[in-house]
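I opened my notebook to go through this structure step by step. These are the entries, in the order I made them.

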Amino acid sequence: MKCWAKLLMASLWLSACDGNSSNTETGSTFVATEVGSQVKPPEEPDNELNPDNELAADPDKKLTANPDKSLTIKAVASFPPEDHVVKDDYVYSAAADANLPLATVDETPAIKNHQMMIGGKLVNYTASAGHLIAYAPGKVARASMFYMAYTREDLPKEDRPVTFFWNGGPGSSSAWLHMGSWAPRRLESSDVDKNVSDRGTRGFSFVDNAETLLDKTDLVFVDPPGTGLSQAIAPYKNSDFWGMEADAQVNRDFVVRFVDRHHRQSSPKYLYGESYDGIRLPVLGNLLVAAGGRNFAPDKSGRKPVALSGIILGSPILDLGTNCSQGGDVSCAGYLPSYAMAADFNGRATRRGTASALEYIDQLRTFVAEKYNPARAIWYSPVLSRAKAVHAEANRQYDKLFGLWQNAASARKWAIDVETRADASSKATELANLLVATPAERAAFSKAFMADPLSELKQLVAGTKLEIERALTPAWRDYAQTEAGTNFIKDMTGITGLDLDWLREFEVSPVKFPGKLLPATSIGVFDARVDISHPGSPAAALYTGSAFAEAIKSTLPAMFNYHSASPYMLRDDSIRAHWKFERQHKLASFRTGLPDLVESLESDPALRALVLHGYYDLLTPFHQTELDLAGAGLSGRVPVDLYEGGHMFFDDDKARVHAKRTLDGFFDNRPGNKTPTAVVLN
């Protein structure tokens, strides 16, 4: 009777299912070798949170209410853990060479229980935060990883999905997704697209999130080493994990540790990330799929482990090698539809007419394929591409130095002053090597620059522009005079809203486009609808991160009972300077996770992937993702869903509602789920 009383008091959900979808064990071409000293993790208790819960400790225990009858419990939920306060006095460091001793890591989480209404029902959930040790295969302790999790302890773990979240960067904590997207509470962001300028960054409030994913999955927000409160464990240092391979590996190690500690081996598992995670998560996912569950500790229930069920990518960059913001030789075709949507929203374009957003986007895809790409093939030459790149850099250097000098007299004083002459000489050499072709010309430029820096730099900019004129091919000049060519130039003006000399300009860098579209404002590449030039505006607070920095300070103690003496590292842009943006496979280097995604999907036919994008994102545009997926042969396998939003589309109230419907369908249609629903694509 004691056990039956516990059942009734806890309102346990019982299930007689013993199977679940799982991943086959398979080798992987892209899995790198890992080495390190061995430190064995401690053995886990049978029931970490509730050692007295005999049902959770033995899910197949027979309970006898009548001597003649018995009931075998095949799956059972846990009792909610008691609230627990953690006061962490350790001060964490994001420095490249920072690490901490293994003995300082305490894996006991802070815990706080909450209630909220979801779908008209009162739901209990547990918020927990703390550190877990990321052990590499071979039981190598490499990093203390900070996480914040929301779980439903009233539901059986065996069939309850668990989703791990990362932000991109690289160098970002998970705060943007955590505070803005799918957690039980979020920052109220309805003003973000209204260009409101009279509200301070502290004016954001938390609201219960009607679109939380907690009704579909448990949520775990993860901070990589050097972000949040995560740090390498000696002898490793933070920068050891700042690279495309090592980053994926240490985050894989965290997933394995969380799964083992919380007995989630047979739970459906999902990876969700945005921006740079378009590279991180395919690599990480392939590591999990390739191991086929071998990384996880044996499940005491006897169920087969689930390696990975799905990958969700929000506003991803899939391949650094195909992104035109990375170099002049790469086409900007993938950016053009986003340029067009930005121009249309800001009243500068003339071509949309009465078409809906998705109808217009489809027209733009056709324009790119049938007109833009053929025209670019005529326009492009390596010499022209180089000339444009040099001219762009010369302009950048001029703008930077003119800001320092302000006038010619000040520039000359800078070049001859005893205190600054060495800097001037160093800059002359730098510019000569960067922008001037031959050694003789470099020497002449350096001498002239030291005599009159501003005048010489002006001449250099003019000279680089002349080189573009010389590099234009005869074929392109002839095409521009034809009816097709003149119509193409008119189309480019009507679509982009830019009245440019398209004969010479043709492609516009995503860095330059916002300033050319609206010169008097500062629309951001994150969301072309908003002006971030007002420091106190909601848009500036959200897209510069100040709103999230304020929010995380209150969230850790209020939501999790976690009190830290250390500042939370929201984002460290210096990590990018140390990041190893190369992967080595056989004899070729590459900067993408697409081969890993292809391999994972081929290895496990049950694995699914989904991409979500905003129309107005000029940082990682949706059509570039579509082109990258098509190039990898994944157009029919990985759907791309589009929303009325920017890079962080979930900040937009309408977009968040639409995306939630799509995600509901994605989770409901997982293999083995008893109540699938139709996937709704916006």
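**An odd residue between two helices**

I began with a loop. Gln 406 sits in the loop between helix H8 (382–405) and helix H9 (408–416). I looked up its backbone and found a positive phi of about 80°, although Gln 406 is not a glycine. I noted the background: most residues other than glycine have a negative phi. I also noted that the model is predicted.

**The whole chain**

Next I stepped back. I listed 21 helices and 20 strands in the protein chain. The chain has 682 residues, and buried ones make up 55% of them. Then I looked at contacts between residues at least 6 apart in sequence. Of these, 77% join residues at least 24 apart.

**A second positive phi**

I went on to Ser 315, which lies in strand S15. Its phi is positive, about 50°, and Ser 315 is not a glycine either. Is Ser 315 buried or exposed? Ser 315 has a relative accessible area of 0%. The cut-off for buried is under 20%, so Ser 315 counts as buried.

**Strand S19 and its partners**

From S15 I followed the pairing. S15 (residues 310–316) runs parallel to S19, and five bridges join the two. I picked out one pair: Ile 311 has Ala 609 in S19 as its bridge partner.

S19 has another neighbour to record. Strand S19 (residues 608–614) is joined by four bridges to strand S20 (residues 640–643), and these two strands also run parallel. Here I picked out Leu 612, whose bridge partner in S20 is Asp 641. How does the chain get from S19 to S20? The path goes through helix H20 (residues 622–631). This β-α-β crossover is right-handed.

I then checked how covered S19 is. Seven of its seven residues are buried. I sorted them by face. On one side are Arg 608, Leu 610, Leu 612 and Gly 614. On the other side are Ala 609, Val 611 and His 613. Both faces of S19 are covered. The two residues I had picked out in the pairing, Ala 609 and Leu 612, thus appear on opposite sides.

**Helix H6**

I turned to a helix. How many of the 10 residues of H6 are buried? I found eight, which leaves H6 mostly covered. The buried ones are Leu 336, Pro 337, Ser 338, Tyr 339, Ala 340, Met 341, Ala 342 and Ala 343. What covers them includes helix H7 (357–379), H14, helix H15 (513–517) and H20. H20 was familiar from the crossover between S19 and S20.

I took H14 for a closer look. Two packed helices are described by the angle between their axes and the distance between the axes. For helix H6 (residues 336–345) and helix H14 (residues 483–496), the axes come within 7 Å and cross at roughly 55°. H6 and H14 are therefore oblique to each other. On the H6 side, the contact is made by Leu 336, Ala 340 and Ala 343. On the H14 side, Met 492, Ile 495 and Thr 496 take part.

After H6 comes Gly 347. Its phi is positive, near 75°.

**Disulfide search**

How many disulfides does the whole structure hold? My search found one. Cys 324 and Cys 332 form it, with their sulfur atoms 2.2 Å apart. The link has 95° about the S-S bond and is right-handed. I checked both cysteines for exposure: Cys 324 is buried, and Cys 332 is too.

**Cis peptide bonds**

I closed with the peptide bonds. Most peptide bonds are trans. Which bond joins Gly 169 and Pro 170? I recorded a cis peptide bond there, with omega about 0°. Pro 170 is in the loop between strand S9 (162–166) and helix H3 (175–180).

Another cis bond runs from Ala 234 to Pro 235, with omega near 10°. I found Pro 235 in the loop between strand S13 (231–232) and helix H4 (244–261).

Terms used
Residues are numbered from 1 along each chain as its sequence is written. This is a predicted model: local features need pLDDT of at least 70, side-chain atom pairs count only at pLDDT 80 or more; totals for chains, interfaces and linings use all residues. Side-chain values use heavy atoms; hydrogens and water are left out. Two strands pair if DSSP finds at least two bridges between them. A crossover is right-handed if, with the strands pointing away from the viewer, the path from the first strand over the helix to the second runs clockwise. Buried means under 20% relative accessible area, exposed over 50%, partly exposed in between (1.4 Å probe, protein chains only). A disulfide is a pair of cysteine sulfur atoms within 2.5 Å. Axes are lines fitted to C-alpha atoms, for helices over the stretch in contact, and angles run from 0 to 180 degrees between N-to-C directions. Angles under 35 degrees count as roughly parallel, over 145 as roughly antiparallel, 65 to 115 as roughly perpendicular and the rest as oblique. Contact means heavy atoms within 4.5 Å.
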